[in-house]
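Trainee: I am new to this structure and would be grateful for a close look at a single part of it. Could you please take me through the place where two domains of one chain meet?

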Amino acid sequence: MNNEKPSYLREILETQEIELNMGPQHPATHGVYRAILTLDGERIVGLNSVIGYLHRGIEKWAEYRTYKQATPIFDRLDYLSAVINCHGYVGAVEKLLGVEVPKKAEYIRVICDELQRIASHLIWLGTHALDIGAMSVLFYAVREREPVVDLLEAQLGQRLLYNAYPIGGVRLDFPKGWVEVCRKFLKVLKGKIDDYEELLTGNRIWRQRTIGVGYISKEDAIAWGLSGPTLRASNVYFDVRKSIPYSAYADFDFEIPLGQNGDVYDRYLCRVKEMRQSVRIIEQALDGMPEGELKAKVSPIIRPPVGEAYFTIEGSKGQLGFYIISDGKEKPYRVHIKSPSFINLQGLDVMSKHQLIADMVALIGSIDIVLGEVDR
Amino acid sequence: MAEEQSAKKGWVATGEPIITNAVQKAIEKFGSKITPYPNPAKEATIKVEKEDLYEILDFLKKEIGFDYLSDIASAHFPQNEKHLSLAYHLFSIEKKDSLRVKVEFNEEESIPSVSSIWPAANWMEREAYDLMGVKFGNHPNLKRILLPDDWEGYPLRKEYPLGGPQEEEIRSNRYGVPSLLPDDLETANKILEEEKNE
Amino acid sequence: MITYLYDLVKTPFVLALIKIVILLAVAFTVIAYITLVERRLLGFFQSRLGPNRVGPWGLIQPIADGVKLFIKEDTVPIHSNSLLFRIAPIFTFFPSLVGFGVLTFALPWVTPSSKMHLFALADVDLGILLILSLSSLGIFGLMLGGYASGSKYPYFGGLRACSQMLSYEIPLTLSMITVVMMANSFRLSDIVTAQQKYRLYFFIPLIISFVVYLICMIAETNRTPFDLPEGESEIIGFHTEYSGMRFGFYYVGEYTNVVFLSMLAPALFLGGYDIPFVNDIALWQVHPQLISILGFCSYAIKSVLFAYFYIWVRATFPRYRYDQLLKVGWLVLLPISLVNLFIVAGIKLFLLK
């Protein structure tokens, strides 16, 4: 993938590099992210990312609230997949407390997580296709996302930022008729994902835009700490659901799609296949739902033992980790969030070497960053 | 009991230290430089000194195979003897093994940067520098990352107020809304001085 | 006095003026409403409704857009080349309007007093040549607009627009030349007459030219999938610094180009004002006015088909990257159209006498 300028041109022509600012307000950067590109003609030779426009001090704020009071703020990290953030934080506190969540609650959590993952991937698909130019896919993806958000609203009470789980389990069981609606929706969704694949996967223009763009090798991807589909597209088998199993994922039978070349096309394929696998997981969970309690017994004022815990889950963007240090009091002493988008964005430096500006847009879309998570 | 302990000795974790294969191998190589650290959540943790940090992390990556750096987390313990601490969370993709390496130090000391071992540490260390003021040596680009470049202070430290530079204004303003001043600079300054003199 | 006025009206000069007025009125209406049609059609493709609030079915929307653009502030950036900045949008808008004058919309209109009026404003001998040179003029608008804006993003957009339009002019020209070869004349009404004579619309024997023309026509107007110069989510484009009615000229100019090229296509390939499966010329001797009107309707329907094709393609395909776009133009379309030219020339020489 050597796209450097040929040597004879370097000797004859004296060129100058220019700096182009893909400013904080740009329709394709998915939020307030500023990239200062150093260009040689149309090729990118340097990238300087400026982030922090959305820094809200979530980690500091969490130290001033009790464990239960702090739960809602972690939805605002990756605001497009809020259920998964909540699961991460709640899981970390439960790990520190040593609380065992009942099986039924774990299954409900898995179903809500996977539904949220589908919703997040649909938004990714829509905006990624819109950036590359296929504008209709955005509308179809958002249309598909409506039933998912409706299902989650029926169960959790909110459409975007749910404050989904209490510490110890879930609050409520599924409402009456929810399971049938969910099954019907999953059947429809499988057909729609086939439609999107037909529109995009074999499309010659799409393939030309995405194959070979933003290549990152297997060793580089692991060394730079990437995670999620960005890593799996480079043929690295690392999914937190299989490698560090948490919740009830060990009971389900699902595959982890891997890509062969680490380019934008493979990341696209990985995410689309992940959507199908999520459908599979939800169906298995609905079929095998056990009976039992919804919530473990946790004292009203939570005082974990003095110590620390690090709990990672597979978020829709990558490996999301919560590191909680407790000093025995009712407020966490320190909460640190390992955010996948922050670290994947670091890899943009490597991926965008010698690419064209037009590829930059495809690249940022394929890494799937959410600025709330990057900046915390 | 736990509160008394933490009041006297500072923050000390409870629980039992877990010794995995990786920890065993590291102890065999480095001996007393590595101390297993207790953890109530049953995670393998070791504590090292700042001087041996680079060597031990290098060994962990190359010999034992922790090729994935998951996170670098900083923490501030003003009640402890050594005020700052860093926790490196390592993971091995093939063996599915995880390990936490902790190091404790004071504010003036500088930690060797591990971005030559794992390039992923680049932004993680910048964030630790930005928010906690941990100084790293040999870092390719140690600048503030989330806060503006000319920010003063390190927000995640315990003595830094939650409201930042506007702490008093936020806490004193009863309705939570900053009062609007007129656009004209002279009248605005006059109003501010009057309020200060009141 | 009245006879004097009546004679005056019948002079060619005044007749031409009347034709210009009618042509401009119809053209502006069509261009204004094709913006509405595009937005509604795109909405239907994307499973939503387009604008339907402003009037019944959104029919007053173009007028509302026009009013909005007129009353906006007309900014001229400080670091721009002021004169070029101001005149650049004219080059996008006016060449196609001039091109409308060359098209023939129907068989000649016969007045009750047996006078024939041509259904074209100026059916010149070298109609195709005029159209090609006008489309080359159209490149200036984008290039000047991009350069004169004085900022980097529009500069990039202008450069790209210029090289894209240049490189797609050549296959366009070559495919039009094959039509000219088959019809033996550059005049547009002769091309339609030739198709009527052969009883075969040109898109059947010249299928390759037709496909090349379709692709180049989309590239010439900077529409998706070739709209990187004005790519809304990438480089934003050459019209970043424009606001108000100057931007309106670019906006309307793009749709004028769309309407013009989709009116040119039936004339070249689909038989123009010919009504399919009907012997036009024989019937025209008998009922001239009826056939003229029906011919006009058939021309309109064929143009609508092409406009629909434009909008359909916009809703479906992603955008080409800049270097791939040029590769398609130079490495794929140019050889195909050259080979096609030779094949058609060979067929014309040796098979058709």
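Mentor: In this predicted model, 17 residues of domain 1 of chain C are in contact with 18 residues of domain 2 of chain C. Helix H2 (12-45) and helix H3 (61-70) of chain C each supply at least two residues of the side of domain 1 that touches domain 2. Of the elements on that side, H2(C) gives the most, with 13 residues. Sorted by class, the side of domain 1 of chain C that touches domain 2 of chain C has twelve nonpolar residues, together with two polar and three charged ones.

The domains themselves may now be placed along the chain. Domain 1 of chain C covers 1-70, and domain 2 of chain C covers 72-350. Between the C-alpha centres of these two domains of chain C the distance is 19 Å.

A contact between chains can be read in the same manner. Here, 38 residues of chain A are in contact with 36 residues of chain B. Several elements of chain A each supply at least two residues of the side that touches chain B, among them helix H4 (82-97), strand S4 (307-314), strand S5 (319-326) and helix H13 (340-346). The largest share of this side of chain A comes from S4(A), with five residues. By class, the side of chain A that touches chain B has 18 nonpolar, twelve polar and eight charged residues.

Technical notes:
Residues are numbered from 1 along each chain as its sequence is written. Chains are lettered from A and ligands numbered from 1 in the order in which they are written. This is a predicted model: local features need pLDDT of at least 70, side-chain atom pairs count only at pLDDT 80 or more; totals for chains, interfaces and linings use all residues. Domain bounds come from an automatic or database domain assignment. Two residues are in contact if their C-beta atoms, placed from the backbone, lie within 7 Å. Helices (H or I, at least four residues) and strands (E, at least two) are DSSP runs, numbered from the N terminus. Ala, Val, Leu, Ile, Met, Phe, Trp, Tyr, Cys and Pro count as nonpolar, Asp, Glu, Lys and Arg as charged, and the others, Gly among them, as polar.
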